[in-house]
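Me: Got a minute to walk through this model with me? I'd like to start with how helix crossings are named.

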Amino acid sequence: MTTAATPTMMAKENMSIQPQSPTPLLFEQSVSGASAVALPALDVPPVDRSQMLGAMLAEGDRPLPEVGELDLVRHYTRLAHRCFSIDENFYPLGSCTMKYNPRINERVAAMPGLAALHPYQNDADVQGMLELLFRLRTDLAEIAGLPEVTLQPAAGAHGEMTGLMIINAYHRDRGEVRPKVLAPDTAHGTNPASCTMCGKTYSQVPSLAGGHMDVDALAKMVDEETAALMITNPSTVGLFDSKFSEIAKILHDKGAMLYMDGANMNAMLGVTRPGDFGVDVMHYNTHKTFSTPHGCGGPGAGPVAVAEHLRPYLPKPQVVQHEDGTFAWDYDSPKSIGKVRSFYGQTGVLVRAYAYIRSLGNDGLVDVARKAVLNANYLAVRLKDAYKLPFDGPYAHEFIAVPEFEGVNEVDIAKRLLDSGIHPPTMSWPIAHCLMIEPTETESKATLDRFVDAMLAIADEAKNDPNHLKNAPHNTPIQRMDVVAANRKLDVRWKPTS
Ligand SMILES: Cc1ncc(COP(=O)(O)O)c(C=O)c1O
């Protein structure tokens, strides 16, 4: 067991990220006549470019940088090293699940037999890919405990929208008009956005002081106009909701559906199944749960799993296996909501998810869930005396910590963590002034201990040297930014000096 770091120890450790001299822009490195390409001699008749490009050249030649190949490579490599990445740094970004992506997934996804396919190829030519998608579809149905899955949606939010469209089609088919969707007040921001995209109204169900949704309040809100409750489990405050069967009954008694946002499935893989506790529809975030390099909007995939009564409304085409063992795209689905994604979805991401599931197997997936939960709870226990934990554990895959120090806020803590080479947790959401910490299952105890050491040293600094914190980060290429000016007066254009 590593001992907690003193602030002095931390200062030494902080050297992991060095202040660096500013990297000149490519424009500033430009040398007239330099070039990163050597084009062969012209073997077509020359043309007058001012005639071809007339208006574009009217203001004279554009001042594009002229840089040699080596300088170009060094420039981008230097910039790449300045980025935070999961391959270099601990990244406990709650809700977003930034976990290590095993290299085997990348190798499989890059295999030419999968990566170089064209979506217009005949089914007979792409049997391998179709079999993979069919098997993934079957695996995801098994993990969800629901009979059918569509792989089409291209992100978690897209899965939400698809799920709501399926619910809508089901109710419409029964002649029911249900414009309302409910969601707990801790819902991920994409949930209300998806409701709006589907033309539904959105109402918040309050949470109890302990962080769980108030089931009595829900019971009063559900009526014959309610299409669904969208609820994330485990929730964005890191709590597993054990009242799901009761919640499902309240909804089903009024003909409404239970939609589970399954973006946090890494906390329950193979341990429990949403279909077994009453869920009608759920989406996966394959890029979070089954690994894919992601962040800030993609790439992703949001497969949707549904109960039997919603099967007819799934998007088409669906990948199927014929009796002779061959695989095909099936368009014969008259009640389908149609296509929600061009071609066959984000196949690159889906291949990675399949490789991840198959390389881990049943026991490996259960291990993912156990370690995701164990790691979050370990951190919570070690930090609970220095930071306020507003909701009682045990936690699922993440937890909320609130810094309560005079004159120091969550942004200061986040910035100071950068000095230790640690990416800040998610901030200020889903409750004010909080840090949402998700270590994920992939981190070693040594890394978790290093994070605890940094957090405890920061807590110490918050009491004894708050100014140092307020001015953090100190060791990063760019120091504390004026975020308001960056937002209001953003100007990223390079202007020539002469
Ligand atoms: C709980 C939850 N729901 C939905 C989403 C949206 O997923 P995506 O970013 O793939 O659209 C996320 C993303 O992190 C999430 O954490």
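Reply: Sure. A crossing is called right-handed if the near helix is turned clockwise from the far one by less than a right angle, and left-handed if anticlockwise. Keep in mind that this is a predicted model.

Me: OK, so which hand is the crossing of H13 and H15?

Reply: H13 and H15 cross in the right-handed sense.

Me: And at what angle do they pack?

Reply: About 30°, with the axes of H13 (residues 347–383) and H15 (residues 445–464) 10 Å apart. Angles under 35 degrees count as roughly parallel, so H13 is roughly parallel to H15.

Me: Switching to strands. Which way do the residues of S6 point?

Reply: In S6 (residues 281–284), Val281 and His283 point one way, while Met282 and Tyr284 point the other way.

Me: Why the back and forth?

Reply: Because side chains in a regular strand alternate between the two faces of the sheet.

Me: Are those S6 residues buried or exposed?

Reply: All of them are buried.

Me: What does S6 pair with?

Reply: S5 (residues 257–262) runs parallel to S6, joined by four bridges. S7 (residues 304–306) pairs with S6 in the antiparallel sense, over three bridges. Met282 stands opposite Met260 and also opposite Ala305 in S7.

Me: Last topic, the ligand. How many residues surround it?

Reply: 15, and the closest are Ala155, Gly156, Ala157, His188 and Ala263.

Me: What classes are in that shell?

Reply: Ten polar residues, four nonpolar and one charged.

Technical notes
Residues numbered from 1 in each chain as written. Predicted model: local features only at pLDDT ≥ 70, side-chain atom pairs only at ≥ 80, totals over all residues. Near = placed C-beta within 6 Å. Nonpolar A, V, L, I, M, F, W, Y, C, P; charged D, E, K, R; others polar. Buried ≥ 20, exposed ≤ 12 C-beta atoms within 10 Å, placed from the backbone. Helix = DSSP H or I, 4+ residues; strand = E, 2+ residues; numbered from the N terminus. Pairing = 2+ DSSP bridges. Axes fitted to C-alpha atoms, helices over the stretch in contact; angles between N-to-C directions. Parallel < 35°, antiparallel > 145°, perpendicular 65-115°, else oblique.
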